[in-house]
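Biologist: Could you take a close look at one part of this model for me? I'd like to hear about one buried spot in a loop, and then whatever else helps to place it.

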Amino acid sequence: MRIALVGNQNSGKSTLFNTMTGDNQKIGNWPGVTIDRKEGTVKGTNHTIVDLPGIYSLSPYTSEEEISRNFVFEERPDLIINIVDATSIERSLYLTTQLLELDCKVILALNMSDLLEKKSLVIDEEKLSSLLHTSVVKISALKGSGIDELIKLIDEGRILDNPHKKIYQEDLEEAIEDIAKGLEMVHSRFVSVKLLENDVKFASLQSKDIEAKRHQLEQKYNSDIEEIIANQRYEYVVEVKKQCVVKKEYKETITDKLDKVFLNKWAALPIFVVIMFAIYFLAVGVVGSATVDFVDGLVGKFSDFMSEWLASVNASPWAVSLVVDGIIAGVGAVLNFVPQLIILFICICLLETTGYMSRIAFFLDRLFKKFGLSGKSLIPFIVGSGCAVPGIMSTRTIEDEDEKRMTIMLAPFIPCSAKLPIIALFAGFFFDRYNGLVSASLYFLAVVTILISALIMKKFFFKGDSSAFISELPEYKLPNLKYLLRDVWDKTFSFIKRAGTIILLCSVIIWFTLSFSWKFQYGVDVEDSILASIGKCLSWIFYPMLGELSWGATVSAIQGLVAKEQVVSSMAVIAGLADDVTEGALIFSQTGIFGFFNPASAYAFMVFNLFSAPCFGAIGAMRRELGTTKKTLIAVAFQTGVAWILGCIVFGIGSLIMLL
Amino acid sequence: MTLTDGIILAIVVLIIGLIIYFRFFKNRKNPCAGCEYCKKCQKKDCHKK
């Protein structure tokens, strides 16, 4: 049996999918986590289950809604599990009424039933089942309650048939039935409604008779046909709710109490600022100081051991150098930051799963709107704090093309996890006690840069109105430890995998181009190496932000295009070969190749690397979402231009401050 | 070049060859492969609109 999971955004579809299949799809307590369909097998059965992106109706306005509608309509699943947020049934049942118009059996899964009591709600599921003529099961996808009953219901085939209950007023029902009679196809009732609504997808089936019926109804109700149908649907939904849901005396919930603080007009923004500062202070400051030296020491010991061992088995100096100065130094420099990243991932995951991120999107919507963006743009920015690729992909939830393009161009400005090693290395060395503060300041600089860039783009290039941001605020939830650990593990493993693959590859290339001259002579002075000569040709570009013609910093920054962590890795390999140092902190040794860095140039270099064109993976994602190479090149040039200008400004201001 | 050098070189070349193959050839149509966000995605063209 092929089962489709359909429901509103943030109704718990992916959580139910994970519980039913034992899988570990990404979940989050905010809307729009799933942007494509995912397939799995229900545990202990042969049933295939498909998790679809969240939708509010079967009228496709966004690409995820289209994915869900196309699947349900064209691929004809045997069963639809309509997952409904039991705590806000009125909103969810609108989609249910549309699903019940399809020629497909539907089970209504009332999710989050465990929260009903807290919200002083009682749902009569038998009454609901008899009114909708569909099977109803109360579940809690997060706690796993009711899932066995749901699977048993499917397995035993005890699902009620879908008789297409009449929900509209008589004249509208008559028109729908008349049209349906003339359609010899599946989902004829659903298609009839869509034909009356003049849905473009079914334009080929339109006729003068349908047009006349539409005109007649519009005249009678003195309203647009879509509005008439939507209104009658809502009237039906309200009636169903009235008969099935009893609201006891309302007690203020924890969510209400917390929202009074977190969504307070005056307190919301300062709280957000404090939380972000705390996260970076914890990740880069406290944990950074405690762990980097420790991991660095381990890498150093391993490096010494390998150096001695290879020499003892008659390896030539070049082979020892390749393994120690190239691979271990390059990969080790990036692995130093794993403990800090774990803390950052835990904090971001906590903000996502507790529901706080949704509040921030809601609160910042008004501010973003003033700058030509909306709260919808905030979702890609939040996702982008992990990795820019999914951040860019999640712009698919934005209907407005201009706003989507702006968000795609601006999302890579948010510091992703790959940029953390750059921040941690420079902030840790040059700003000592204030490293947490400096790290967080870069996050806020990114937000300010995004807002100013959006304002400029809106003024000169994208002149339309911002789209409306409609999102329901989810309940605050305690994070599920299992999901938290899985999420953090997935992200950490992904980072380690990059260090072991692309960073390793780049480290070998860097070692080779640093150890050989153009005549392929080994052991030349690094100043005469292939890499140094390339860097020297381009070092003028970075002079205004470094105050020095540094080929080492130039080639390291350019390698950020491959992967942002590579900037740190490259600096470690260059310092290792040029200055004969192996430990991260010694990269900036006073007499070394990077000894010219001071707090002003360090901050400027961080700013450039944070805001310049993202890695190739993210550029590829931008190309796919923007649609053309030309637009992608414009975006890359824009990002790099902004980064260069900001870097120069920061260096100028920083140098002035240092002079004072 | 000693035998040890040859072995080291062969291992490094093999590792780099595998990285290049998996990174740039096998998954060239799906650059988001391995991303934690959609690593279990089974739709081959998930990155396309």
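Modeller: Leaving aside residues up to four places away in sequence, Ser529(A) touches Thr513(A), Leu514(A), Phe516(A), Ser517(A) and Val524(A). Bear in mind that this is a predicted model. Ser529(A) sits in the loop that links helix H20 (481–515) to helix H21 (530–538) of chain A. The residue counts as buried because its relative accessible area is 0%, and the cut-off for buried is under 20%. Its side chain has polar partners too: the side chain of Ser529(A) reaches the backbone oxygen of Val526(A) at 2.6 Å, and a polar atom of that side chain lies 3.2 Å from the backbone nitrogen of Ala532(A).

Two other loop residues make a nice pair to set beside that serine. Most residues other than glycine have a negative phi. His187(A), though, has a positive phi of about 55°, and Asn198(A), also not a glycine, has a positive phi near 65°. His187(A) lies in the loop between helix H6 (170–181) and helix H7 (188–196) of chain A, while Asn198(A) is found in the loop between H7 and helix H8 (208–221) of chain A. Buried or exposed? His187(A) is buried, with a relative accessible area of 2%, whereas Asn198(A) counts as partly exposed at 44% relative accessibility.

Now for the helices. In helix H5 (residues 147–155) of chain A, the buried residues are Ile147(A), Leu150(A), Ile151(A), Leu153(A) and Ile154(A). Looking down the axis of H5(A), you find them within an arc of 155°, so they line one face of the helix. That fits the usual geometry: an α-helix has 3.6 residues a turn, so residues three or four places apart point the same way. The buried residues of H5(A) pack against strands E1 (2–7), E4 (79–85), E5 (105–111) and E7 (135–138), and also against helix H1 (13–21), in chain A. After H5(A) comes Gly157(A), with a positive phi near 65°.

Last, a helix pair. The axes of helix H18 (residues 420–430) and helix H25 (residues 599–611) of chain A come within 10 Å and cross at roughly 170°. Angles over 145 degrees count as roughly antiparallel, so that is the label for H18(A) and H25(A). From H18(A), Ile422(A), Ile423(A), Phe426(A), Ala427(A) and Phe430(A) meet Pro599(A), Ala602(A), Phe605(A), Met606(A), Asn609(A) and Leu610(A) of H25(A). The residues of that contact divide into 10 nonpolar, 1 polar and no charged.

Methods:
Residues are numbered from 1 along each chain as its sequence is written. Chains are lettered from A and ligands numbered from 1 in the order in which they are written. This is a predicted model: local features need pLDDT of at least 70, side-chain atom pairs count only at pLDDT 80 or more; totals for chains, interfaces and linings use all residues. Side-chain values use heavy atoms; hydrogens and water are left out. Buried means under 20% relative accessible area, exposed over 50%, partly exposed in between (1.4 Å probe, protein chains only). Helices (H or I, at least four residues) and strands (E, at least two) are DSSP runs, numbered from the N terminus. The arc is that of the directions from the helix axis to the C-beta atoms. Contact means heavy atoms within 4.5 Å. A polar contact is a pair of N or O atoms within 3.5 Å; within protein, one must be able to donate a hydrogen and the other to accept it, and residues adjacent in sequence count only if both atoms are side-chain atoms. Axes are lines fitted to C-alpha atoms, for helices over the stretch in contact, and angles run from 0 to 180 degrees between N-to-C directions. Angles under 35 degrees count as roughly parallel, over 145 as roughly antiparallel, 65 to 115 as roughly perpendicular and the rest as oblique. Ala, Val, Leu, Ile, Met, Phe, Trp, Tyr, Cys and Pro count as nonpolar, Asp, Glu, Lys and Arg as charged, and the others, Gly among them, as polar.
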